[in-house]
Amino acid sequence: MNILSPSILAADFKKLGQQITDVDQAGAQYLHIDVMDGMFVPSISFGMPVIESIRSATDMVFDVHLMIMDPIRYVEEFANIGSDIITFHQEAADDPQAVIDKIHSLGKKAGIAIKPKTPVSVLLPYLDKVEMILVMTVEPGFGGQKLIPETIDKVREVRSMLCDRNLTTDIQVDGGINDANVMTVVGAGANVIVAGSAVFKGDAKGNASKFLKIMGN
Ligand code: DX5
Ligand code: ZN
């Protein structure tokens, strides 16, 4: 089964609780939470108080995407406030394995992310160490961008690297996914689909249901 992870970066923060309920009721399994530090990416989004406050709004899996430098510094705090999956960027960590170990030691699932220009080969040491690999389909930092077509080949490459090793690790895609291109990324091997604008702009519940239907859920 494919998983939908609506990204609240595109939500209407005036009514964040309601928007979360909407995608929850539609059947989305994860909630994608983008944390930006203004260093690893140019922009700043939101942090611990927001996550802590929405934790009681839903039982959905909190899929936290850290776009921050030196992520190991904050792993414990993000684990303690209710993250279920903590994904960090390979490019942002001196010792990715240490970050993975720390996430696991706190009883959480670990994800490793790569930007569009980072070669998939950097993932080789971690393929059997993480629960999820995030192949960014736009440059991280902003919602509402267009998917970079070349990234679809990277998804295909990662899936084949995993298959060669008999691994069924989740592959997440994030950025520019909409109802017209979602099956292309699923066809390439992605099974955890992030969508921000395409879900939250307009009728969030209707949009999430439509995605899930297209994805065969
Ligand atoms: C971008 C973020 C994404 C973003 C996706 O840096 O990681 O999660 O919210 O937004 P859309 O789906 O609008 O491209
Ligand atoms: Zn994200």
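Which residues touch the most other members of the largest nonpolar core? Keep that in mind as you look through these views of a predicted model.

**View 1. The whole protein chain at a glance.** The protein chain contains 8 helices and 8 strands. Its C-alpha trace spans about 40 × 35 × 30 Å along the principal axes. A compact globule of 217 residues would have a radius of gyration near 17 Å, so the 16 Å of this chain agrees with that picture. Of the 217 residues, 54% count as buried. On the outside, the chain exposes about 9,200 Å², and carbon and sulfur atoms supply 51% of this area. Look at the contacts too: among those with a separation of 6 or more, 65% join residues that are 24 or more positions apart.

**View 2. The largest nonpolar core.** Here is the reply to our opening question: Ile8, Val23, Phe78, Ile133 and Ile193 touch the most other members of this core, which has 64 residues. Helix α5 (residues 150-164) gives the core its largest share, 5 residues. In soluble globular proteins, nonpolar side chains tend to be buried together.

**View 3. Phe78 and its contacts.** Now zoom in on Phe78, one of the core residues named above. Which residues does Phe78 contact, leaving aside its neighbours within four places in sequence? They are Val35, Met48, Ile51, Val64, Leu66, Ser83 and Ile86.

**View 4. Ligand 1 and its surroundings.** Ligand 1 is surrounded by 20 residues, and the closest are Asp34, Gly141, Asp174, Gly196 and Ser197. Three polar contacts are worth finding in this view. A polar atom in the side chain of Asp174 lies 2.6 Å from an oxygen atom of ligand 1. For Gly144, a backbone N or O atom lies 2.8 Å from an oxygen atom of the ligand. In His65, a side-chain N or O atom is 3.2 Å from a ligand oxygen atom. How much of the accessible area of ligand 1 does the protein cover? On its own the ligand has 380 Å² of such area, and the protein covers 99% of it.

**View 5. Met183 in helix α6.** Our last stop is Met183, found in helix α6 (residues 182-188). Is Met183 buried or partly exposed? Its relative accessibility is 41%, so Met183 counts as partly exposed. Not counting residues up to four places away in sequence, Met183 touches Ile214 and Met215. Try locating Met39 as well: Met183 and Met39 are 144 residues apart along the chain, and their C-alpha atoms are separated by 33 Å.

How values were computed: Residues are numbered from 1 along each chain as its sequence is written. Chains are lettered from A and ligands numbered from 1 in the order in which they are written. This is a predicted model: local features need pLDDT of at least 70, side-chain atom pairs count only at pLDDT 80 or more; totals for chains, interfaces and linings use all residues. Side-chain values use heavy atoms; hydrogens and water are left out. A nonpolar core is a set of buried Ala, Val, Leu, Ile, Met, Phe, Trp, Tyr and Cys residues joined through side-chain atoms within 4.5 Å. Buried means under 20% relative accessible area, exposed over 50%, partly exposed in between (1.4 Å probe, protein chains only). Helices (H or I, at least four residues) and strands (E, at least two) are DSSP runs, numbered from the N terminus. Contact means heavy atoms within 4.5 Å. A residue is near a molecule or strand if one of its heavy atoms lies within 4 Å of it. A polar contact is a pair of N or O atoms within 3.5 Å; within protein, one must be able to donate a hydrogen and the other to accept it, and residues adjacent in sequence count only if both atoms are side-chain atoms. Accessible areas come from the Shrake-Rupley method with a 1.4 Å probe; for residues, only the protein chains shown count as cover. The radius of gyration is taken over C-alpha atoms; the globule rule is 2.2 Å times the number of residues to the power 0.38.
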